[in-house]
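Let us walk through the surroundings of the bound ligand. Start with the residues around it, then step out to the pocket and the domains.

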Amino acid sequence: MSTRISHWVDGTVTAGTSGRTAPVYNPATGLRSGDVDLASAAEVQRAVASATGAAREWRSTSLSRRSAILFAFRQLLHDATDDLAKVITAEHGKVLSDAAAEVGRGLENVEYACGVPELLKGGFSEQVSTGIDVYSIRQPLGVVAGITPFNFPAMVPLWMAANAIACGNAFVLKPSEKDPSASLVLAELWKRAGLPDGVFTVVQGDRVAVDALIEHPDVAAISFVGSTPVARSIYERGTARGKRVQALGGAKNHMLVLPDADLDLAADAAVSAAYGAAGERCMAISVAVAVGGIGDRFVEAIAARIPKLQIGDGAAPGTDMGPLITAEHRDKVAGYIAAGEKSGAKVVVDGRDGPAGGFVPSDGGTPGSGGVAAEGGFFVGATLLDGVTPDMSVYTDEIFGPVLAVVRADTYEEAIELINANPFANGTAIFTRDGGAARRFQFDVEVGMVGINVPIPTPVAYYSFGGWRNSLFGDTHMYGPEGVTFYTRGKVVTSKWPDPATSTIDLGFPTTR
Ligand code: NAD
């Protein structure tokens, strides 16, 4: 039975009126599980009108009350982790433990935002001139929008919403139309936590909804996470209309493996970071740069590990890797593998034939015995390409699938040049036992998030997340301290309580001496 997935406006589920919907699938079975409403521009206007009214009240709500609601939301979200993970897996396909981990990383952001009274403390300078004090405060922007990708349907909205709401804004979420249900679970939890209606709004939709948010004069800021072409376009169109925009784009994350690296540790890390969530992570490792003589042994070590991966329905016990998000995406990823092979890369392990170790059946039975996952799901097995060169499309393009490309480099210098020349610069990692080499890499590399023997260096919530170059358009990284900066604007007050009896006219420019 297909479920209707609607908007959340004024604190309640609101059926769409545009007459447009999009299908939602369970990627493990390929079966259609729902239909999501796609908002018209008029529906977005109504949602923003509700948020605008709510924002006025919400910014007047005391910090302690806001903090109390965030603490309540934190507990509800924590308690709902497993249920929310099931909702994510059913529409995204990632394994349940990965979905629960996504909720956990989102929870960290809520916990950070619980400290909003501390985060919004301003500065105070007493007696800057005789009888004059100066102090700074940070105030909310009003209505802010978040446009989010399919690959983290709970975590990325929480990256944005936790700080935006804590800072006193009303937040309008436009989730991915491919896995929209998690947004409504979050909406319910916010309501149960005591958040006033209209402070958290969900408009389901596609480009029409995004364009309406960009055009709307009452939307003060847009946070976007998704692919680079869309990120660039939203940044350019949003800023042209005077909005504050942070737009995080795609990635091509390189893992640099020096000859002295611990081979087993590096191979385990490469397999985990390349094939986790079927490579549909913006921090996935998609290129391994093997320096010097370690290349052959490194490729062999990865190839030996791949057949051990349990691939199948993410909801089945014991599965390591699930399907891709859509049939179109599966075909696109397979097309990249074919293009890599045609352009001369060696296909060491070919996921187009299905998983090297066979599928895990949906009941979690013996791998290789087939099952529903093998029949209808959007699967590509873990794939390893060797001898990849920078001119190949498997190197230049973000594939966003379980495909690891190994590039060989003779020296560290050659490897770092490659990484720094790549248009994407989201994350990167070095594997070495040499502390000096690691420190040099950290200094040399022109990428926003760096791992040292850590393949997926996603910062904790009290730092901020963001790449460089085509992986982020805008001035601030997302969440953490930079998130608070993004969702507030500064005001500086110069204050004097004079004795009216001493008042005079003085046309001179005010000085402090
Ligand atoms: P996407 O760009 O296709 O979609 C992202 C959002 O934009 C969705 O809500 C979608 O409805 C909307 N959208 C899509 N096309 C649009 C258009 N033409 N105009 C306006 N809005 C549009 O991305 P996706 O496929 O959902 O997610 C995967 C991408 O997101 C990958 O490129 C991945 O690297 C990136 N990503 C980046 C980060 C990061 O932090 N840098 C994190 C997660 C995902």
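The ligand is surrounded by 26 residues, each with a heavy atom within 4 Å of it. The closest are Thr148, Lys174, Glu177, Ser227 and Glu398. This is a predicted model: local features need pLDDT of at least 70, side-chain atom pairs count only at pLDDT 80 or more, and totals for chains, interfaces and linings use all residues. Residues are numbered from 1 along each chain as its sequence is written, and side-chain values use heavy atoms, without hydrogens and water.

Now the polar contacts (pairs of N or O atoms within 3.5 Å). In the side chain of Lys174, an N or O atom is 2.7 Å from a ligand oxygen. Thr148 uses a backbone N or O atom, 2.8 Å from an oxygen of the ligand. A polar backbone atom of Gly226 lies 3.3 Å from a ligand oxygen. Alone, the ligand exposes 830 Å² (Shrake-Rupley, 1.4 Å probe). The protein buries 88% of that.

Which elements give two or more residues to the shell? They are α8 (207-215) and β11 (219-225), helix and strand being DSSP runs of at least four (H or I) and at least two (E) residues. By class, the shell has 14 nonpolar, eight polar and four charged residues, with Gly counted as polar. Domain 1 (3-249 + 471-493) and domain 2 (253-452) each supply at least three shell residues; the bounds come from an automatic or database assignment.

Conventions:
A polar contact is a pair of N or O atoms within 3.5 Å; within protein, one must be able to donate a hydrogen and the other to accept it, and residues adjacent in sequence count only if both atoms are side-chain atoms.
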